Structure formats: structure tokens, C-alpha cells
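Here is a short guided tour to read with the model open beside you. Take your time and turn the structure as you go.

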Amino acid sequence: MKPLPGIVPTSIEHQRSDGDSLFPYAYGCENPDLSLEEVVQWVSDNRDLFLAQSSRHGAVAFRGFPTPTGEDFDQFIAALNIANFPYAKSLSNAVRVNRTPRVFSANEAPPEVKIYFHHEMAQTPLYPKYILFFCEIAPLSGGATPLCRSDILFTQLSERCPEFAAKCEQTGLRYTNVMPGVDDPKSGMGRSWQSTLGVESKTAAEKRLSDLGYTFQWLADDCLKATTPQLPAVMEVSPGQKTFFNQLIAAYCGWKDPRNDPSDAIRHGDGSKLDAEAVNVAVELAEELAYDHQWQAGDIVLLDNTVAMHARRPFQGTRKVLASLAEMQTHRFA
Ligand SMILES: [Fe+2]
């Protein structure tokens with residue numbers, strides 16, 4: 001690492017370790033006089049190291065840095081020199097509000113809504129390699145962002161439920177969700193079909209879905225039900241290192257709102273139903289392996305989205321956590 005006096009590798013509460021790999025890897029800024037410009041130069045000088053650490057450890061946390069605002073967060077990301085993946089281009093089902101072209105609110109869902117573990121956009125053919133989170137206002141209580149090493153989860157799931165793990169790997173998954181005709185910010189998955197698909201007409205929506213390999217059906221109240229093509233459920237991120245790269249837990253447990261029934265949200269790629277007991281094991285493992293990042297204002301966390309899952313605990317008070325996505329990848333079942 002190219003050093004900057006006052007910035008040191010540090011420990012962070014609830015930090016986990018697996019062998020010699022810390023989760024998350026963490027840097028602390030102990031010099032209150034450092035300027036944002038100095039930090040941005042330090043990030044730029046060390047960007048290869050930080051990206052490699054996010055892949056090796058799953059996540060890298062930065063605490064105590066002179067980054068109090070979303071605009072400072074934007075400059076920090078710019079220094080990493082990674083390609084922006086704008087929310088507007090994503091097929092995410094969450095309602096979000098852009099702060100800058102790179103930075104948006106993580107999810108507008110109300111405080112009591114729990115968001116279950118997932119890899120960002122693993123339920124669509126387009127996903128980001130990296131995701132960054134930033135805390136502008138820490139909540140009064142709750143509101144942690146739990147993170148989970150998905151490679152460790154998949155290894156343990158394969159030991160405890162070998163048939164289920166193999167079936168996930170062999171057939172992949174298909175996801176079904178119902179999109180409203182207008183944004184519904186009360187739902188964790190309330191993004192309208194117009195916004196999700198970047199279209200204005202039903203004809204254009206049908207073309208976009210067909211191009212992406214989805215099947216679909218129009219429902220009452222201008223709602224659109226869409227089912228993805230078969231998508232991979234497991235990813236080999238490095239030789240011998242496989243991650244449970246999917247939205248199985250979130251879709252099975254959490255895709256619930258006035259339009260969506262979680263029992264209808266996910267199937268194996270061959271159309272068969274999921275083994276409920278095995279899904280419960282995956283849910284339990286994710287909780288057992290979770291590191292809860294309890295936010296402090298100014299915190300930044302960089303994730304390799306193919307290695308670490310994330311979620312959101314319910315909270316009280318005002319919580320402002322912003323996010324940014326980078327390096328769009330395509331996701332196809334071989
Ligand atoms: Fe997410």
C-alpha cells in the first residue's frame with residue numbers, strides 16, 4: 001500500500017475471520033486534519049489493492065474518513081476509477097433516488113421493512129461487479145447492513161444439503177415478480193415497469209423483456225408480471241471458489257407486497273419447486289455467517305458483489321445510506 005500518515009489497517013466491531021482472511025478488511029483514518037483531496041489521492045494510488053482486497057475478503061470498510069456527504073462519497077468512488085453502472089440502466093426492482101449520476105439512495109422502503117440477503121441484481125441478466133455503500137446519517141437504532149461471505153455459505157450448504165446445492169448449480173433459478181404501473185415506495189420491490197425497463201409504452205416493455213429472454217403477462221391495474229430466463233445460481237469466482245450468487249433468500253423470504261407472493265417468486269431453472277427445508281438451511285447459514293455493519297456517519301464499505309451478499313436490518317429514526325454500483329456484467333445460463 002502507498003501509505004498516507006494517519007490511515008492504518010484497523011479492527012472493527014463484529015469483524016469476522018476465516019483463516020487469515022478478515023471480513024471485512026478495514027481501514028481507519030486517525031488523522032482528523034486529513035483533507036478529502038489527500039484521501040482521494042490515496043484511494044487513487046491504491047485502487048488496485050482495494051479492489052483486490054474486496055475480492056479476497058468480500059468487503060473493505062473505511063471508517064473515520066473526511067467524507068461526511070454524498071458528494072464526498074462520489075469523489076471517493078471516482079478515485080477508484082471503476083465504470084459507473086447507473087441505477088437507470090439497471091433492472092433492479094427497488095425504488096431509489098439519485099443524488100449524483102453515480103450515487104443513489106440504497107432503498108426507499110420504510111424502516112420496518114427487512115431486506116433479506118442477496119447479491120445485487122443476481123435476479124436479472126445484468127449485475128454490478130462492485131457495490132459501495134455510504135452512511136450520511138446513522139439511524140438511532142438498528143439499520144445495520146449485514147454482509148455474508150457467499151463462498152463460505154455455498155461450501156457449508158453443499159455439505160449440509162448436497163442435492164439441493166447441486167440442483168441449484170445444475171439448473172439455475174428463475175424469478176417471477178409483478179411490477180406496478182407507478183412507483184410504490186412503500187414496497188422493497190415497488191419500482192414501476194416503466195422505470196425498471198427504461199420504457200414508456202407497453203409495446204416497448206414487451207420488446208425489452210423479449211430481448212432479455214423473459215416471459216411476461218399483463219395483469220389488472222396496469223401491473224406487469226415477468227419471469228426471468230434461467231439464470232445461474234452459483235458462480236465460480238476463482239478456480240475452486242464458488243459463491244451462491246443468486247437472490248434465492250431474498251425472493252423466497254422477502255418478495256412480499258400487495259402484488260407479490262413469495263411462494264410464487266422463485267423456481268429452479270427446470271420449473272420445479274424449491275426444497276423448503278434446504279432453503280431454510282441457506283437462510284440460517286447466512287445469519288450464522290453474517291457480519292453486521294453498524295453504521296457510523298461517514299463510513300464507506302466496498303463490496304465485491306460476486307463474493308459478499310448484503311441485506312438491511314429494520315431501524316428506527318432517520319437513516320441515510322447511499323449506494324453506488326460499478327462494472328456492469330452480464331449473467332447467462334451456460
Ligand atoms: Fe441490495
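The report below starts with a sheet, goes on to helices and ends with the nonpolar cores. Please keep in mind that this is a predicted model.

**The open sheet**

A good place to begin is the open sheet, which 7 strands form in the order β1-β4-β5-β18-β8-β21-β6, with mixed pairing. Its edge strands are β1 (7-9) and β6 (104-105), each of which pairs on one side only. At the β1 edge, strand β4 (residues 25-29) is the partner, and the two pair in the antiparallel sense. You can find this pairing by looking for I7, whose bridge partner in β4 is C29.

Two helices pack on this sheet. Helix α2 (residues 47-57) touches β4, β5 (59-63), β8 and β18 (300-304), and its direction makes about 125° with that of β5. Helix α3 (residues 70-80) touches β8, β18 and β21 (320-330), and its direction makes about 140° with that of β8.

The table gathers three of the strand pairings.

| Strand pair | Sense | Bridges |
|---|---|---|
| β1 and β4 | antiparallel | 3 bridges |
| β8 and β21 | antiparallel | 10 bridges |
| β8 and β18 | antiparallel | 5 bridges |

**Strand β8**

How many of the 12 residues of β8 are buried? The count is 10, so β8 is largely enclosed by the rest of the structure. Y130 is a handy landmark here: it stands opposite A326 in β21, and its bridge partner in β18 is D304.

**Helices α1 and α3**

Helix α3 also has a helix to pack with. Helix α1 (residues 36-45) and α3 pack at an angle of about 30°, and their axes are 7 Å apart. Angles under 35 degrees count as roughly parallel, and α1 and α3 are therefore roughly parallel to each other. The contact is made by L36, V40, V43 and S44 of α1 and by D72, Q75, F76, A79 and L80 of α3. The crossing in which α1 passes α3 is right-handed.

**Helix α4 and L157**

Next, look at helix α4 (residues 150-160), whose buried residues are S150, D151, I152, L153, F154 and L157. These residues pack against β2 (16-18), β10 (145-149), α5 (162-171), β15 (241-243), α9 (276-288) and β19 (308-312).

Why does L157 of helix α4 count as buried? A residue is buried if 20 or more other C-beta atoms lie within 10 Å of its own, and L157 has 22 other C-beta atoms within 10 Å, so L157 is buried. Leaving aside neighbours within four places in sequence, L157 is in contact with A165, F244, V281, A282 and L285. For a sense of scale, L157 and K202 are 45 residues apart in sequence and 41 Å apart in space, C-alpha to C-alpha.

**The nonpolar cores**

In soluble globular proteins, nonpolar side chains tend to be buried together. The largest nonpolar core in this model has 86 residues, and those with the most contacts inside it are A59, L132, C148, L153, A286 and I300. Strand β8 (residues 126-137) gives the most to this core, with 7 residues. L132 touches I77, I300, V301, L302, A323 and S324, not counting residues up to four places away in sequence. There is also a second, separate core of 9 residues, including M179, L197, L209 and Y214.

How values were computed. Residues are numbered from 1 along each chain as its sequence is written. This is a predicted model: local features need pLDDT of at least 70, side-chain atom pairs count only at pLDDT 80 or more; totals for chains, interfaces and linings use all residues. Helices (H or I, at least four residues) and strands (E, at least two) are DSSP runs, numbered from the N terminus. Two residues are in contact if their C-beta atoms, placed from the backbone, lie within 7 Å. A nonpolar core is a set of buried Ala, Val, Leu, Ile, Met, Phe, Trp, Tyr and Cys residues joined through C-beta atoms within 7 Å. Two strands pair if DSSP finds at least two bridges between them. Axes are lines fitted to C-alpha atoms, for helices over the stretch in contact, and angles run from 0 to 180 degrees between N-to-C directions. Angles under 35 degrees count as roughly parallel, over 145 as roughly antiparallel, 65 to 115 as roughly perpendicular and the rest as oblique. A crossing is left-handed if the near helix is turned anticlockwise from the far one by less than a right angle, and right-handed if clockwise.
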